[in-house]
Amino acid sequence: MTTPNQGLLERLFKLSEHGTTVRTEILAGVTTFLTMCYIVIVNPGILSLTGMDFGAVFVATCVSAAIGCFIMGAFANYPIALAPGMGLNAYFTFAVVKGMGVPWQVALAAVFVSGIIFFVFSFLRIREMLVNALPMSLKMAISAGIGLFLALIALKNAGLVIASDATLVKMADVYVLENGVKSPNWPVLLALLGFFLIVVLDYFRVRGAIIISILLVTALAAGMGLTEFTGVVSAIPSVAPTFMQMDFNQLFNGSMIAVIFVFFLVDLFDSTGTLVGVSHRAGLLENGKLPRLKRALFADSTAIVAGATLGTSSITPYVESASGVAAGGRTGLTAVTVGVLMLVCLWFSPLAQAVPAFATAPALLYIGIHMMKSTLEIDWEDMTEAAPAFLTIAFMPFTYSIADGIAMGFISYALIKLLCGRAKEVPVMVWIVAVAWAAKFWFLGV
């Protein structure tokens, strides 16, 4: 006998049709949450480096993730959770705000506009045309390049990589000299401990490996006096410092249009790949296609706009949703469960603020490993495919710019194919993007 609530959930999520139960879906939601909740700590830590208020970004992260999860779950009925995307938040902070000197308010406006474009393109099927037109090698190279970009940020935040006049960068010492006496460089050692812990826990399939590592390293740091611990629970911080703070006045110039394009393009591949990949794993594809695709895209683009309004970088579907699918999640009730747990996190801001950069760095490094897996899909035997892919991957960390990596990938792909007499293999969309990037560099510089 079903209860009234179970009957409502059955009608809304069609549980029996998908061969699942309320209990299974909730457990799947908890599983997904444990694998991705590190974002409520990592995202405010990254974005606060721009001068944004940590507490406000913390709230924006939790609420925008919940909004995305609720729409994806209740409207599209997919077991896929959303939150601010790793890589996109790094691009926002380190490339746009710190690298280009753009005020964070203008960067938020760029995210907002990219979300609107995302929304329009999704419903006009232009998004599908873009994804289908781009060569596999460039798609996979963009993901791998972002992985290396995150790795460089992680090593820098951990203190493992430092500046060098002779070699640009070098590895830091594992000890420091104090009054002629060697003592351990604890932030570096704790960061290494955190990384190895994540890898080992993941190997043994321990749920929440990333968040366990972050909390353990933070606890050790607090015990050693390396970070200030002010408690676990408090009143919800105010979102006012970042809410509706977007500045559109400086947005529409050549450089910022390129930034909008990068936000759009990276999220395009990230979200589409995750939607298809997780849905395939859940057995939800029909004849190789995603049913209710427009609804899923609506959740995605709406969450981006909501996130920018609240004060965070682009929202995207999380590949960690696969862990919930592996636990039996098949419907939107899984995503809704994640959304509820994201809102519960709102009362845990003191804990998030106590986490030092060297505790979250291992998470970025670990995510970089997973993003590098995409290189397996690149045809390394065909140099006209391999060379542009390599340049895309290499330029992102070495120029400290995701945008420059994408630009070099498109330009080199079109140019190499042309010079090798294989111009017909270049999709029209690639020519358009390559020419646009080349014109940007020629007339506006880098």
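**Contacts, helices and rings in a predicted model**

Setting aside neighbours within four places in sequence, Tyr-38 is in contact (heavy atoms within 4.5 Å) with Met-86, Ile-210, Ile-211, Ile-214, Tyr-318, Glu-320 and Ile-367. The model is a predicted one, in which local features need pLDDT of at least 70 and side-chain atom pairs count only at pLDDT 80 or more, while totals for chains, interfaces and linings use all residues. Residues are numbered from 1 along each chain as its sequence is written, and side-chain values use heavy atoms, with hydrogens and water left out.

Back to Tyr-38, then. Tyr-38 sits in the loop between α2 (22-36) and α3 (39-47); helices here are DSSP runs of H or I with at least four residues, strands are runs of E with at least two, and both are numbered from the N terminus. With a relative accessible area of 1%, Tyr-38 is buried. That word stands for under 20% relative accessible area, with exposed meaning over 50% and partly exposed in between (1.4 Å probe, protein chains only). Tyr-38 also has a partner from far along the chain: Gly-208 is 170 residues away in sequence, yet the two C-alpha atoms are separated by 8.7 Å. Helix α3 is mostly covered too, as eight of its nine residues are buried. The buried ones are Ile-39, Val-40, Ile-41, Val-42, Asn-43, Pro-44, Ile-46 and Leu-47.

Next comes a pair of packed helices. Two such helices are described by the angle between their axes and the distance between the axes. For α5 (residues 88-100) and α8 (residues 136-157), the angle is about 65° and the axes are 11 Å apart. The axes are lines fitted to C-alpha atoms, for helices over the stretch in contact, and the angles run from 0 to 180 degrees between N-to-C directions. The crossing of α5 and α8 is left-handed, that is, the near helix is turned anticlockwise from the far one by less than a right angle (clockwise would be right-handed). On the α5 side, Ala-90, Tyr-91 and Phe-94 take part, and they meet Phe-149, Leu-150 and Ile-153 of α8. By type, the contact holds six nonpolar residues, no polar ones and no charged ones. In this scheme Ala, Val, Leu, Ile, Met, Phe, Trp, Tyr, Cys and Pro are nonpolar, Asp, Glu, Lys and Arg are charged, and the others, Gly among them, are polar.

Another long-range meeting involves Ser-114 and Ile-257. The two are 143 residues apart in sequence and 9.7 Å apart in space, C-alpha to C-alpha. Ser-114 belongs to helix α6 (residues 104-123) and is buried, at 3% relative accessible area. Ile-257, in helix α11, is partly exposed at 47%. Not counting residues up to four places away in sequence, Ser-114 touches Ile-260, Phe-263, Phe-264, Ile-304 and Ser-314. A second serine, Ser-301, lies in helix α12 (residues 293-310) and is buried, with a relative accessible area of 0%. Beyond its neighbours within four places in sequence, Ser-301 is in contact with Gly-115, Phe-118 and Phe-119.

Then there are the rings. Rings of Phe, Tyr and Trp (its six-membered ring) pair if their centres lie within 6.5 Å, and planes under 30 degrees apart count as stacked, over 60 as edge-to-face and the rest as tilted. The count by this rule is 12 aromatic pairs. One of them joins Phe-261 and Trp-437 edge-to-face, at 5.7 Å centre to centre and 65° between the planes. This pair links distant parts of the chain, with Phe-261 in α11 (residues 254-281), Trp-437 in α19 (residues 428-444) and the two positions 176 residues apart. Phe-261 is partly exposed at 24%, whereas Trp-437 is buried at 5%. Elsewhere, Phe-75, Phe-119 and Phe-298 make up one aromatic cluster.

Charges turn up over rings as well, which here requires NZ of Lys or CZ of Arg within 6 Å of the ring centre and within 35 degrees of the ring normal. Arg-295 has its charged end over the ring of Phe-75, 4.8 Å from the centre. Lys-182 lies over the face of Tyr-175, at 4.4 Å from the ring centre.

Finally, the backbone. Most residues other than glycine have a negative phi. Leu-168, however, has a positive phi near 70°; this residue lies in strand β3 (residues 168-171) and is exposed, at 69% relative accessibility. Met-244 has a positive phi too, of about 55°, and is found in the loop between α10 (209-223) and α11.
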